[in-house]
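Trainee: I am new to this model and would like a close look at one small part of it. Please take me through that part slowly, then place it in the rest of the chain.

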Amino acid sequence: MRWLEIALCVFFIYNNVITANPTAQKEEEEKQPVKEEQQTLIADENDEKKVYDNYRLPLSITPDNYKLEIFTHLNDSEGFAFKGIVEITLTVHEFADNITLHAKNLTIPTMNIELRDVTENENVKIKSVELMPKHDFLIIYPQSILSKFRKYVVKIPFVGSLDTDLVGYYRSSYLDKAANKRIWLSVTQFEPIHAREAFPCFDEPEMKATFDISLAHHKMYNSLSNMPLKETKEVESVKDFVKNTFETSVKMSTYLVAYCVSDFEYKESVVKMKDDVKFRIYARRDAMEQVDYAAEIGPKVLKFYEDYFDIKYPLPKVDMIAVPDFAAGAMENWGLITYRETALLYQSNASTLSAKYRVAEVVAHELAHQWFGNLCTMKWWSDLWLNEGFATYVASLGVAHLHPEWKSLDEESVDNTLDIFKVDALKASHPVSVTIGHPNQISQIFDAISYSKGSVLIRMMHKFLGEKAFRFGVSNYLKKHAYANAEQDDLWHSLTASAHEEQSLPTSISVKDIMDTWTLQVGYPVIDVKRDYDTNSATITQSRYLSDRYTTRSDLDFCWWIPLTYTFGENRNFTSSSAQDWMTCNKNKETEEKKIENLPDSKHWAIFNIQLAGLYKIKYDADNYKLIVDTLNSDEFETIHVINRAQLIDDAMDLAWTGQQDYGIALDMINYLKQESEYIPWKAALDNLRIVNRLLIRSQLYGVFKAYIRHILKPIYAKVGGISKVPDQTQLASVKHQSMICAWSCRFDVGDCVKKSVEFFNNWMIETEPDHINPIPLNLRPVIYCTAIRLGNENHWKFLWQRYVNSNVGAEKSMIISALSCSREQWVLSRYLEWSLNSTLVRKQDASFVFSGIAREEIGFFLAKSFFFDRIDDIYQTLYPDTSRLSRYIKPLAEQMSTQKELTELKDLVSIKSKAFEKSSQGVRQALETVELNNQWKINNYLQLASRLNHMRMRNFDYEDEIAEENNEKKSATELSMA
Ligand code: BES
Ligand code: ZN
């Protein structure tokens with residue numbers, strides 16, 4: 001008899017069974033009517049209605065060790081399933097009449113649950129077992145009260161199914177070339193609260209314990225877990241099965257437990273660590289030639305962190321594995337890090353430099369978690385930012401260490417800051433440290449606020465504390481809370497001590513005073529600098545920056561401790577970014593009006609927030625602006641730091657958005673770009689213009705706006721070498737710059753961009769072996785593919801789709817997935833949207849890329865919109881259970897909606913389908929606010945921008961000429977694409 005049948009017999013025929021899943025429960029009930037004399041262990045239906053809002057586990061019982069044994073069955077002819085037994089050693093801290101732990105979607109034969117009092121060495125009878133599905137609770141009631149300070153062991157058998165839902169213990173597959181068949185593997189994804197779907201456990205980050213894991217599976221597979229293999233034995237009861245037992249883990253949280261059964265191969269890194277940490281990269285056989293880059297950088301960056309934190313990596317090994325179906329980018333499971341293929345694999349002739357950067361970034365991020373998150377873990381998810389913000393910031397240091405030639409540090413921090421300036425200006429944003437009321441909220445806070453704002457705030461602290469105090473404080477914090485948990489106050493405490501020791505903060509100020517204003521409050525400030533040119537002084541005030549111009553008192557009742565940095569036109573110094581002064585904010589949210597003396601005379605500007613060291617915007621008076629604009633437009637523009645050049649543009653555009661300033665200032669500022677060749681300021685400008693572009697694209701004004709964009713792009717398109725210049729593969733910023741400028745130029749028909757792109761693509765199409773020979777410059781492929789697909793026909797699309805199907809490189813596949821959404825063929829797009837719900841054509845993990853790609857296109861938007869409205873139930877089903885991803889659908893749509901009618905439609909959908917949007921409530925609120933803001937912008941800014949652009953047109957560029965030229969280029973592109 002096959003093992004699974006044996007298991008099911010044991011569980012179902014002779015025992016009571018409860019299924020920690022109400023739907024599955026019903027099915028089981030039909031199959032196995034509960035005998036009368038047995039206890040009824042069906043989840044109490046009324047439980048859903050009970051008012052019981054505390055989702056947290058009681059603290060009276062905590063786990064010390066889990067002995068976990070899992071049998072994995074990976075053969076589809078016999079059903080995909082796992083069965084297991086967990087033995088949890090518990091400490092009872094207070095007399096307890098029950099053991100409450102988590103279990104979800106597991107079938108548990110309750111009569112086989114055993115409880116033993118280890119201290120007294122006796123068995124304890126179990127009175128009853130109950131489920132609370134709403135809370136994912138499994139509650140075991142013993143016959144007698146559990147005594148304080150005694151140790152108990154509870155033993156729970158369970159069965160689960162290996163689904164393709166990308167969470168818990170799930171299955172993934174790939175097509176093996178040589179065998180020409182689909183091969184399955186199984187892997188875990190437990191963060192944040194999915195361990196409970198794989199085995200009954202105390203699934204909260206503070207409930208740390210050690211783990212002894214054994215994995216049994218067919219001998220054709222290998223298995224991996226957090227710790228190295230201890231021994232392998234044959235399983236006597238099941239033919240051809242082996243059982244691998246792994247070493248006891250260190251004390252850790254359940255969300256970091258991992259295991260995997262696969263036929264993957266590995267390469268061991270040749271870069272050796274001093275303490276002989278074994279570093280291996282696992283992937284499917286056909287992808288093994290793509291693992292070298294990760295194998296090279298992994299140990300290097302691990303070593304960098306060991307030195308940086310002054311703490312050794314505590315495990316004997318690191319395994320990193322590329323999983324074909326993977327929901328996130330990567331997951332930092334201690335000692336067994338799992339990745340999406342695009343985040344771990346790199347192939348030099350198929351992955352762009354940006355894809356290589358992505359691998360470095362993700363590897364550095366997950367390895368940083370081995371300290372921030374794994375060694376020292378947040379007490380509760382409300383402090384998730386401590387994990388993700390730190391990993392993001394420290395990874396940027398790690399990448400800069402690996403690749404100083406990329407000069408990525410500045411760029412990454414500016415990127416993050418500009419991103420946050422937009423997201424955190426919404427009323428629907430949330431504080432970095434956020435109260436979690438319902439488990440649905442947990443997956444939603446893995447967002448830009450926790451990652452980017454978290455990281456930007458840590459950078460801000462790094463700057464105002466200085467290198468020594470920051471490093472010392474962080475290292476002490478990690479040492480003090482190693483193998484334990486911490487809250488943000490613990491971090492503030494360690495940093496304050498080191499800051500006072502290093503004298504980087506006066507003893508009267510603590511890091512908590514400053515940082516609580518940034519992490520407990522939503523949003524960020526704009527400071528208003530009013531210069532008095534008679535007294536050479538300035539008065540500075542602060543207020544919250546909101547994209548919404550209609551604010552109430554409660555929206556604005558905020559203040560922050562702001563590290564002030566500034567420099568003046570007469571002796572510009574942009575090198576030091578440590579705080580020169582502070583704006584304060586007391587407990588009653590009273591802020592002072594700050595006066596700064598010794599400013600220069602009226603001929604010289606003042607610029608605040610050097611290198612964007614703080615998360616704040618600045619509004620200057622008109623005279624100071626004029627001085628800055630004059631310098632930017634002079635040959636001295638580079639004496640203003642490149643980050644500040646970007647900041648000036650972003651601030652001016654945001655202040656124009658809310659009407660606090662005229663668009664004239666922003667456009668004057670952007671005007672200097674004609675002499676700018678650096679990436680960062682261009683990125684700031686184009687990111688802002690992209691938003692305006694979305695709002696104008698269907699309006700009368702679009703002609704003049706387009707002419708304006710063409711006017712500013714023309715010189716820079718030539719300067720970067722256009723689409724024909726092969727980018728230098730080592731220069732990250734210049735590669736990004738060239739591809740960004742080309743993407744815009746092709747979109748706006750500037751120069752030969754379209755013509756050459758179509759030529760390149762047509763040349764590729766006539767290759768006899770297009771999967772092996774691709775004449776298109778690697779780093780410009782995203783732009784060229786998109787342009788050719790946009791202007792091409794069905795054949796172009798079919799050709800590229802075939803390349804997607806045939807490609808063996810994740811990064812290449814995802815580049816193609818995005819490019820295919822650039823089409824303007826409506827039926828092709830409709831079919832593509834349909835395919836996005838078919839996991840055999842588009843992997844589940846990539847479905848949202850197809851949708852958002854199409855939604856962002858001019859014609860695609862309308863199709864995506866109806867698809868979203870008509871097929872919301874199917875989209876929900878495809879994403880299920882991680883339906884928080886609906887945010888990735890609703891946001892790109894909302895960005896392009898601006899009428900009251902659209903707002904009402906969207907609101908109606910959300911309210912009719914409220915269940916579907918339950919886990920994306922935050923994304924929904926942000927989306928609705930975005931539509932409202934777009935509407936406001938059109939009403940208030942449209943005419944002003946029109947008049948500024950028209951005014952500029954008369955001064956600077958000839959609209960009619962631009963249009964004529966544009967038509968010519970369109971004609972030649974069409975001819976080519978039809979060739
Ligand atoms: N801890 C996360 C993985 C994760 C994300 C788990 C969301 C559960 C929900 C991991 O460390 C992470 O942050 N991964 C990022 C990549 C990183 C470079 C920003 C990701 O998945 O995108
Ligand atoms: Zn992370």
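In the hairpin of S6 and S7, which residue takes a positive phi?

Mentor: That residue is Asn121, with a positive phi near 55°. The hairpin has four residues between its strands. This is a predicted model, in which local features need pLDDT of at least 70 and side-chain atom pairs count only at pLDDT 80 or more, while totals for chains, interfaces and linings use all residues. Residues are numbered from 1 along each chain as its sequence is written, chains are lettered from A and ligands numbered from 1 in the order written, and side-chain values use heavy atoms, leaving out hydrogens and water.

Strand S6 covers residues 114-117 and strand S7 residues 122-124; strands (E, at least two residues) and helices (H or I, at least four) are DSSP runs, numbered from the N terminus. S6 and S7 pair in the antiparallel sense over three bridges, where pairing requires at least two DSSP bridges between the strands. Within this pair, Asp117 stands opposite Glu122 of S7.

S6 is also joined to strand S10, residues 151-161, by four bridges, and these two strands run antiparallel as well. Here the bridge partner of Glu114 is Lys155 in S10.

The side chains of S6 alternate. Leu115 and Asp117 point to one face and are buried (under 20% relative accessible area, with exposed over 50% and partly exposed in between; 1.4 Å probe, protein chains only). Glu114 and Arg116 point to the other face and are not buried. In a regular strand, such alternation between the two faces of the sheet is what the side chains show.

Now the rest of the chain. The protein has 31 helices and 32 strands. Of its 979 residues, 61% count as buried. Its C-alpha trace spans about 90 × 75 × 60 Å along the principal axes.

Elsewhere there is a zinc ion, ligand 2, whose protein donors are His365 (NE2), His369 (NE2) and Glu388 (OE), 1.9 to 2.1 Å from it. Donors are N, O and S atoms within 2.8 Å of the metal (3.2 Å for Na, K and Ca), and sites may look incomplete without water. Along the chain, the donors of the zinc ion follow the spacing H-x3-H-x18-E. His369 lies in helix H5 (residues 353-369) and Glu388 in helix H6 (residues 384-402), 19 residues apart, so this pair links distant parts of the chain. His369 and Glu388 are both buried.

Helix H7, residues 408-423, also has buried residues, among them Ser408, Glu411 and Phe421.

Terms used: Expected span 1.5 Å × (residues − 1).
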